[in-house]
Amino acid sequence: MRRNLILVDDDPIFQFGVKHLVKGLKKQVDLQVFDSGEQLLEFLSSPNMDRTPNVLLIDLNMPEMSGWEVLEHLKKIDLGKKVWIYVCSSSINPTDIRKAMEIEIVSKYVIKPIELTKLEELLEAAV
Amino acid sequence: MYICTMFFEQERKEILEGVSDGVWLLNNSEQFLRISENFWIHLGKDNLAEKVSVGDFRQHVFEEDLEVFNSMLDPGADYSEMNSEIIRFVHDSGNWIWFEVKIKQLKNERSGQRAFICFDISASRERERIYLEFDQMNRTGGWLIDMVHSNIFWTPSMYMVHGMRLDEPTPGIDEAINFYREGDSRERITKLFEEAVESGIPFDAELEFVDNRGNEKWVKSRGKPIMKNGICVKVYGTLQDITEEKQRERETAEESKRQFEEIFNSTYQFCAILDSNGVILNVNDQALKFGGLQLYDVVGQNFWEAFWWQNSERERNKLKKAVRTASAGGTVRYDTVVWDKDKNEVSIDFSLKSMSGRNESKFLIAEGRSIQDMVDIQRDLETMVKSVSRHNDTLRNFAHIVSHNLRSHASNISLLSGFLKEAVGEPLEENVQFMLEQASKRLSDTIDHVNDVVIINTDGEAVNERLNLKKAADEAVSTVSAISETVNADISVNISSRIEVIGTPAYLESVLLNLITNSVKYRADNRKCIIHVAAKKKKDLVILTVQDNGLGIDLEKYKDSLFGMYKTFHGNSDARGIGLFITKNQVESMGGNIRVESQVNEGTKFTIELLSA
């Protein structure tokens, strides 16, 4: 079963990193990358969206719309099937971690950087 | 004849002894006395000698009365009529015995025989003496006026109170009234006496009096009329010398006054006494000293027109109102600010209340207590709380930088270096190296920014100088001219060249540059960029504004994080998000503050308050 992975992060280095890691995965994964929350929300609400994603990786620290705001919006959207949402941030601040885990739709808080094995784990969990 | 005489003599003696308290018979030619037994008993003597020499008998007489005694026995004295004398003998106990002695020359007997019949009047004499002593002790005289016969009777003490000798004639009513001090006292006693006589009203008054020797006295004069068929027949009363009591009363009053003044002037409170209209009657030393005033500067002035209240029209009006409230019986208490002698504003806890004076008059007591120390402490506390919460904000921002910025660059480096390791032996992707350089550069930049902020926040005692604001603003405009001219921005500076602020030159420059640069950077593309830099003085502050017609900031959303570190509001590529955080820290380290007003797509206005030089 092919998996759809969406990354929302403004940092080009991290975007590059995830793209690179996906290439190295044993299973085939479709990756879509958005620079901002606005782009993600626009994509999700577009009528010609062919497939809903299985896994969402969302960064917290972004200009304009922060990761927190993206999550607020996602809470209100019915995606039709179970979507695994991971918060992905470099912050090790316990306040951020607690706050993220209190959001019902968030499955896990992932601390950057992210390695191949970790990405595999996240995708495996999302079944 | 002799026997007959003897018998008769014996009989007569017994009769006389029976009705009297003692009898002596003087045989003048032989200079001895025959003394009856009951006389000796009255003197408490057991020496019952019937016949004693004149010389021996004289020893029993009280020495002050010896002259009278001698004259009684004088053979030349004529006692053909029954005469009497008062004479004191000394009782065995040492007390006096008063005798009224009736003396009779016995004509029919042998020449030189004289009889003395004694009556003990000690009891009544003692009573009289005690009464007199009481009168003298109380310095009280008694008087009685028989209105029908126009007789006036005075007890001896009356003479004493009047400073008169007992043998002086008793004054008549009008004369007696003239002893009262001319004026109020004399008018009152006249009226009281008239009312007593005409209407039967008793009187009791304390009045001033001048005695016969010119001594000024206070007397308590009481009188009671006796009426018969509506007509006054007698008036009697007492006159008491109360000069000493009055003196003591006055001393007590003076002592109370002295104590009051002592308290009034030594208390740490400010005190003033006002009449019911708010006119100053008295002010204590503390309040005078506080205002650098003399009593004559303020007495008679309306309280609110006095120096202390000249700092504020509003406080003066409040005080006027307080005077009205207190005059109506209310108590007013509030914290207010007054001037001290150097026109410094000092906070005081102020109260005003009314007190009843004599004759139902009212006066107001104003009290004040400096609470400047408390106010200062509170202000220090507030400043400290502000400073602590500012530091707290800074700390939170640092935590954010460390978590989100330093760590994100570090994690990127770690991610990329991982790829390099994997790729050993395989062809390297070209841009990994470039990205590594970029990540490490950003890490280094972030560390520089953190360093800038740390310097501002720890260099609390940065050099503060007088800075010309217009000059600083003009320089900032000229520094950004390269960019602003490219985008054709219109920047105007409207600041008086006289305005000077207290600040650190580098910070002021940085604040102006950052705000103007932001305005250029976040301009709206669809209109000409217009930026106004202006300033005006307001009391000890200078209000600097930087206003643009750019993109604006959604304050609903970013109000709390606007001045936080690494917050960017626009997707602008070179928005580094540290500028406003540093600006805020720089402004605050110069003792100022910054706030923002903005409408999305209309513009932004930053307002900065700086200390005026």
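Trainee: Leaving aside its neighbours within four places in sequence, which residues is B:Ile531 in contact with?

Mentor: In this predicted model, B:Ile531, which has its place in strand 20 (residues 530-538) of chain B, is in contact with B:Ala489, B:Ile491, B:Ile516, B:Ser519, B:Val546 and B:Asp548. For one of these partners, B:Ile516, there is also a C-alpha separation from B:Ile531, namely 7.7 Å, although the two are 15 residues apart along the chain.

Trainee: What makes B:Ile531 count as buried?

Mentor: The cut-off for a buried residue is 20 or more other C-beta atoms within 10 Å of its own, and B:Ile531 has 24 C-beta neighbours inside 10 Å, so B:Ile531 counts as buried.

Trainee: Why are helix 15 of chain B and helix 17 of chain B called oblique to each other?

Mentor: The axes of helix 15 (residues 469-479) and helix 17 (residues 505-521) of chain B come within 9 Å and cross at roughly 50°. Angles under 35 degrees count as roughly parallel and those from 65 to 115 as roughly perpendicular; the crossing angle of roughly 50° falls in neither range, and the two helices are therefore oblique to each other. Helix 15 of chain B passes helix 17 of chain B in a right-handed crossing.

Trainee: Which residues of helix 17 of chain B meet helix 15 of chain B?

Mentor: On the helix 17 side they are B:Leu508, B:Glu509, B:Leu512, B:Leu513 and B:Ile516, and they meet residues of helix 15 of chain B that include B:Ala472, B:Glu475 and B:Thr479. By class, this contact has 8 nonpolar, 1 polar and 2 charged residues.

Technical notes:
Residues are numbered from 1 along each chain as its sequence is written. Chains are lettered from A and ligands numbered from 1 in the order in which they are written. This is a predicted model: local features need pLDDT of at least 70, side-chain atom pairs count only at pLDDT 80 or more; totals for chains, interfaces and linings use all residues. Axes are lines fitted to C-alpha atoms, for helices over the stretch in contact, and angles run from 0 to 180 degrees between N-to-C directions. Helices (H or I, at least four residues) and strands (E, at least two) are DSSP runs, numbered from the N terminus. Angles under 35 degrees count as roughly parallel, over 145 as roughly antiparallel, 65 to 115 as roughly perpendicular and the rest as oblique. A crossing is left-handed if the near helix is turned anticlockwise from the far one by less than a right angle, and right-handed if clockwise. Two residues are in contact if their C-beta atoms, placed from the backbone, lie within 7 Å. Ala, Val, Leu, Ile, Met, Phe, Trp, Tyr, Cys and Pro count as nonpolar, Asp, Glu, Lys and Arg as charged, and the others, Gly among them, as polar. A residue is buried if 20 or more other C-beta atoms lie within 10 Å of its own, exposed if 12 or fewer, and partly exposed in between; C-beta atoms are placed from the backbone.
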